Protein chains: 2
Amino acid sequence: RPCLSMLKLEPLRSLFNPTALTCFYQTLREWVAVESDSSDVSKRPELHHMMNLTADKLRSLGGKVEMVDIGLQELPDGKSIPLPKVVTAQFGEDPSKHTVCIYGHVDVQPAKKEDGWATEPYNLTDINGNLYGRGASDNKAPVLAWIHTVEAYKALDMELPVNVKFLIEGMEETGSNGLEAMIIAQRDTFFLDVDYIIISDCGWLSRRPALTYGTRGNCYFFAEVEGPKQDLHSGVYGGTVIEPMTDLIGILDTLISPSGKILIPGIREAVAPFSDEEWKMYQDIEFDMENYKEKLGVKDLMYNNKVDLLAHRWRYPTVSIHGIEGAFSASGSKTVIPAKVTGKFSIRQVPNMDPATVKKQVTEYLHSVFAKRKSPNSLKVTMIIGAKPWLADTQHSLYEAGKEAIKKVFQVEPDLIREGGTIPVARTFQDVTEKSIIMLPIGGFDDGLHSQNEKMSRYNYIEGTKLFIAYLHEVAQIKKV
Amino acid sequence: RPCLSMLKLEPLRSLFNPTALTCFYQTLREWVAVESDSSDVSKRPELHHMMNLTADKLRSLGGKVEMVDIGLQELPDGKSIPLPKVVTAQFGEDPSKHTVCIYGHVDVQPAKKEDGWATEPYNLTDINGNLYGRGASDNKAPVLAWIHTVEAYKALDMELPVNVKFLIEGMEETGSNGLEAMIIAQRDTFFLDVDYIIISDCGWLSRRPALTYGTRGNCYFFAEVEGPKQDLHSGVYGGTVIEPMTDLIGILDTLISPSGKILIPGIREAVAPFSDEEWKMYQDIEFDMENYKEKLGVKDLMYNNKVDLLAHRWRYPTVSIHGIEGAFSASGSKTVIPAKVTGKFSIRQVPNMDPATVKKQVTEYLHSVFAKRKSPNSLKVTMIIGAKPWLADTQHSLYEAGKEAIKKVFQVEPDLIREGGTIPVARTFQDVTEKSIIMLPIGGFDDGLHSQNEKMSRYNYIEGTKLFIAYLHEVAQIKKV
C-alpha cells in the first residue's frame, strides 16, 4: 500500500502531511524490524524476506521488478547457501529522457541490545526526532527515500522527469558477494541505457548537506613471520631462539613514524598534489574540530587545523595496524613464544596510487627491513585486498544538479566532501559500466553507522526525500548529448 | 595394596622383579586415568578424587597422613569452590635422623585427543617402553617413584635411613593457589623438623641424569596504550588520530635488538658475572645442539655454541613478547583502529636481578620512550607477576649426596643444570622455611611436558625410583649439625 496514494493530488509540499509522514515512518519501522544481517547465515531467511519486501514495495508502485539470482555463498564449512537475490526495478523507459540507476542495500550490520544499545535495535524507536534502529541510516531509510520519491511523482500524477532504475542488494555489509559478477553480466542489458548511477550509502559531514565526490581505496596486507614449528614455553626456551614476535614488531614499527608519516618508500610520492583550488574547497567545508575530537574521545588529533585533518582523512593515504593473529590475545597472562604470527595492516589508497604498485613497494620494503635483521625466521607478505580509490569531477553536470537541488531544498550550498572509507561498488560501477556516478548522501554526520545506537533523524529522512525529488528534476535539465 | 608387600624380602635389586614392575605400571596407569586437570573447574571432582587416591596410597604404607584444607578458589563469575586439599604424610620421626620433605603435585595440564595426541591422553599406553599419558612425567610418575621408595624400604623390612615427609598438592599447574599460605601457616609445625626439601618436578637435559640447581624467575608486564574512547573504522577515521597500535608497536620495538639484546637500561648490568668455573661447568654438560634445533624446528639458534646457548637459556635474562590484547586477532581481515591495546611481555629473572628494580627500570624506560613519541594517547605499565629466580649451591652436601647417588645407580657423573622456566614453589620454600632445597629430576629430556604426547619412559620411572632409594641412603650420610 503506497504511502501517498490515498492523498488528494495537491502541490508537492502538501504531500508531506501528517498522514503521509506517519506512513513513511511506519514503512521504515517495518523494514528495520526485519533482522536482515547478511553476516549471520542463521538470519538468511530474514534477509530473503527483506529482498521480497523491497521487490513488493517497488512492484506496488508499478515498477517492472526482477529478482536476480546471483548464485550461492560458500561457507567456511564447505557448504553453500543461496545468496539473497538482487532486486532490480524500472520505472519508465522513455528514450528521450535520461535514465538514472539508484544503488542501495537493505542488509544490515549485526546488532544486539547487550552490545550497548539504549533501545531494542530492531524496534525503530523515536527519541526526540531521531529514529533509532539497526539499518535505519545504513541503508534502509535512504533506499525508502528513493522509493518515496517515485511514489511522490506518482501521487502527484506527474510523469517521472527521468527514467528510474533501482539496483538493491543484500550483501553489502559483508563485501557485496556476487554483485560484481551480476553487474558485469548485465552491463549490456540492464545498464545499457543507464546514464547516471546514484549512490546514497553515506552521510553528511556536519549539519550542512553534502555531495560526496571521492572515496579512498584500501590495500590490506598480511605479514607472516614463522619460526619454530610449534609454540614454545618462554621460560624453557626464551633466550635460545629469535622470536617471531620480536621480528614482526620490528618490521611493523618501520611502517609509520610516531607522528603518522608513512615510511614505505614511494607511497607518499604517488599521491596527487594538493592544489590551491582543493585547499580552498577544504577551507570552505563546515567541520567542527572540537566536536570531532570529543566524539572520538582523544586528547589531540593528528593535525590541529581543519584542512590538514580533512585532507588526511580523505585524500592522503594512511597506514593502520589492525592486530596480530597467532600471538596471545586473551586476557590474563601466558608465557608463550608464538611460533607463527601474522601482522595485519592496511594502507588507504588515494589518487594516483595504484594497488599493484603499492603491493610491490610494501613487499620489497618489508623484505629489505627484515633482511637487515638477519633473522633465521621466514617472512611472507601477502596483499589480500587491493581496492582502488574512486574520485568524481565536482564540476560534472551530475554534481551541478546536486548543488542546485540542495540549494532549492535546504537554501544552502552543499559541502563537497569525500569518504575516508572504501565503497568498492562505486569503483566497480565505474570500471564495468563506465557510467558517471554521484554519491548523494542524506544520512546525518552522527548516525552511528556500524555502531551501537544507529539512527536516522526524521529531518534527514523527510528532507532527504524532498532532496531526491528535487534532484530528479535537476537531472532532467542536463542537456542530453 | 602396596606393590612390594607381597614379595619375599630379598636384596634390593631383586625387589624390581616383573611382578613388582607390572604393579608399578598399573599404579601409574590408575593415576593417569584420573583427569585431575586443575585448570578446568568441571574436573574438580576428579581432582579431589586424585588427592584421596594419593592420601590412601600413603596411608596404606603406614604414613601419618593429613589432608590439609587450604580454602576456596574464587572463580571469575564470583562463585567459590573448594581447592583440592594438600596431602601431607610423615614416615618416621626419629630425632637422630635427618628429615626430608618431598614436594610433588598430582594435578595435570589439560589434554584432549584432538589436540594432536597419538593415543588417548588419560589411557596410559606403552609404545616401545615409553608410557604415554597426560601427567605421566609431570608429575605423577615422580611422585609415585618417591612412594615406591618408601615402599621399597618397607618391603625390605629396613628402617628408612631418614624421616620422610610428603607434601603433595593439586593446583601446581594453575599457580599453586593456596599453597604459599599453607606453607607459611605450617612453617613452625610441619616444617619445623624438616632439614631438606626435595623437588622432582623437572627433567634431565639429555640422556645423562642431572641435578638442577637453579630456575629463572619471571617479571610479566602489561603495557596498555589507550586512545579513542571506542574502536574506530580505519577507513573513516584513519589519518586523523594517532593510533594506539602504532604507539604500542613502537614502544615494544625498543625492548630488544634484532639479535636478542635487551635494551632496557640497567637490566644486563644487574646479571651476576659469568665466572670461569661456571663456564667450565657449562662446557662439561652433555647437550646436543643439532637435536635441539631440530626439535624446535628453527633454521638457526640465537647462539651457535653450547655454552652461550645454555647460558642464555638458564642464567641470562630474556624478553619475550607474548601478544597484544584488544587488537584484531582473528583470522581474516578487519578494518579497525583498536582503541585500547595491551602489549604483554615478560622478562626472565636471574641472579642478581630484583623484580622490584626491574619493575622500576621497565616502567621508567617505556614511559621515557613513549614520551619521545609525543603521543596524545596514554600509557600504563603494570607488572602483574614478579617471581624471583632460585639458585642453589652445587657444593652443598645435598648436591654432593645427589652426585653420589647418581654415580651409584647410573655409573655416571650427573649434569649440573638449571631450568629456564620458573618453579615458584622452590623460591617460596626457600623464603618461608629457610631450608635447603634440591631439585632431583627423573623426567626425560623429551617427555613433552605441557605438550601433546607427554610420556615417561619405563627406564626413567624405574631407574628413577632406584635413584631415590639410593639418594635417601646418601642423605643419611650427611653429618648432622
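These legends go with close-up views of a predicted model.

**View 1. Here is a small open sheet in chain A.** Three strands sit in the order 6-7-20, and their pairing is antiparallel. Strand 6 (125-127) and strand 20 (455-457) of chain A are the edge strands, each with a single partner, so one side of each has no neighbour in the sheet. From one strand to the next, the twist averages 30°. Look at strand 6 and strand 7 (residues 130-132) of chain A: three bridges join this antiparallel pair. To pick out a bridge by eye, start at Thr125(A), whose bridge partner in strand 7 of chain A is Tyr132(A).

**View 2. A helix packs on that sheet.** Helix 14 (residues 458-477) of chain A touches strand 6, strand 7 and strand 20 of chain A. The direction of helix 14 makes about 60° with that of strand 20 of chain A.

**View 3. This one follows helix 15 of chain B from end to end.** The helix covers residues 458-476, which makes 19 residues. At 1.5 Å a residue it should span 27 Å, and the end C-alpha atoms are 28 Å apart, so the expected span and the model agree. Is helix 15 of chain B mostly covered or mostly uncovered? It's mostly covered, with 14 of its 19 residues buried.

**View 4. Now for the contact between chain B and chain A.** Chain B puts 74 residues into the contact, and chain A puts in 74 residues too. As background, interface size is often quoted as the accessible area lost when the parts come together. Here, chain B and chain A bury about 5,900 Å² between them. Carbon and sulfur atoms account for 55% of that area. If you're hunting for salt bridges across the interface of chain B and chain A, the rule finds zero.

**View 5. Ser346(A) sits in strand 15 of chain A.** Is this serine, Ser346(A), buried or exposed? With a relative accessible area of 2%, Ser346(A) falls under the 20% cut-off and therefore counts as buried. Its contacts, leaving out residues up to four places away in sequence, include Asn218(A), Cys219(A), Tyr220(A) and His322(A). Thr318(A), Val319(A) and Ser320(A) are also among the residues that Ser346(A) touches. From chain B, Ser234(B) touches Ser346(A) as well. Gly420(A) is 74 residues away from Ser346(A) along the chain, and the two C-alpha atoms are separated by 13 Å.

**View 6. Two cis peptide bonds are shown here, one in chain A and one in chain B.** In chain A, the bond from Pro351(A) to Asn352(A) is cis, with omega near 0°. Asn352(A) belongs to the loop between strand 15 (340-349) and helix 11 (355-373) of chain A. In chain B, the bond from Asp138(B) to Asn139(B) is cis, with omega near 20°. Where is Asn139(B) found? It's in helix 4 (residues 136-155) of chain B.

**View 7. Finally, two residues have a positive phi without being glycine: Gln411(A) and Lys374(B).** For Gln411(A), phi is about 60°. Gln411(A) is in the loop between helix 12 (397-410) and strand 18 (415-419) of chain A. Its relative accessibility is 62%, so Gln411(A) counts as exposed. For Lys374(B), phi is about 55°. Lys374(B) is in the loop between helix 12 (355-373) and strand 16 (378-387) of chain B. Lys374(B) is exposed, at a relative accessible area of 73%.

Key
Residues are numbered from 1 along each chain as its sequence is written. Chains are lettered from A and ligands numbered from 1 in the order in which they are written. This is a predicted model: local features need pLDDT of at least 70, side-chain atom pairs count only at pLDDT 80 or more; totals for chains, interfaces and linings use all residues. Side-chain values use heavy atoms; hydrogens and water are left out. Helices (H or I, at least four residues) and strands (E, at least two) are DSSP runs, numbered from the N terminus. The expected span of a helix is 1.5 Å times one less than its number of residues. Buried means under 20% relative accessible area, exposed over 50%, partly exposed in between (1.4 Å probe, protein chains only). Two strands pair if DSSP finds at least two bridges between them. Axes are lines fitted to C-alpha atoms, for helices over the stretch in contact, and angles run from 0 to 180 degrees between N-to-C directions. Contact means heavy atoms within 4.5 Å. Buried area is the accessible area (1.4 Å probe) that two parts lose on being put together, summed over both. A salt bridge is a side-chain nitrogen of Lys or Arg within 4 Å of a carboxyl oxygen of Asp or Glu.
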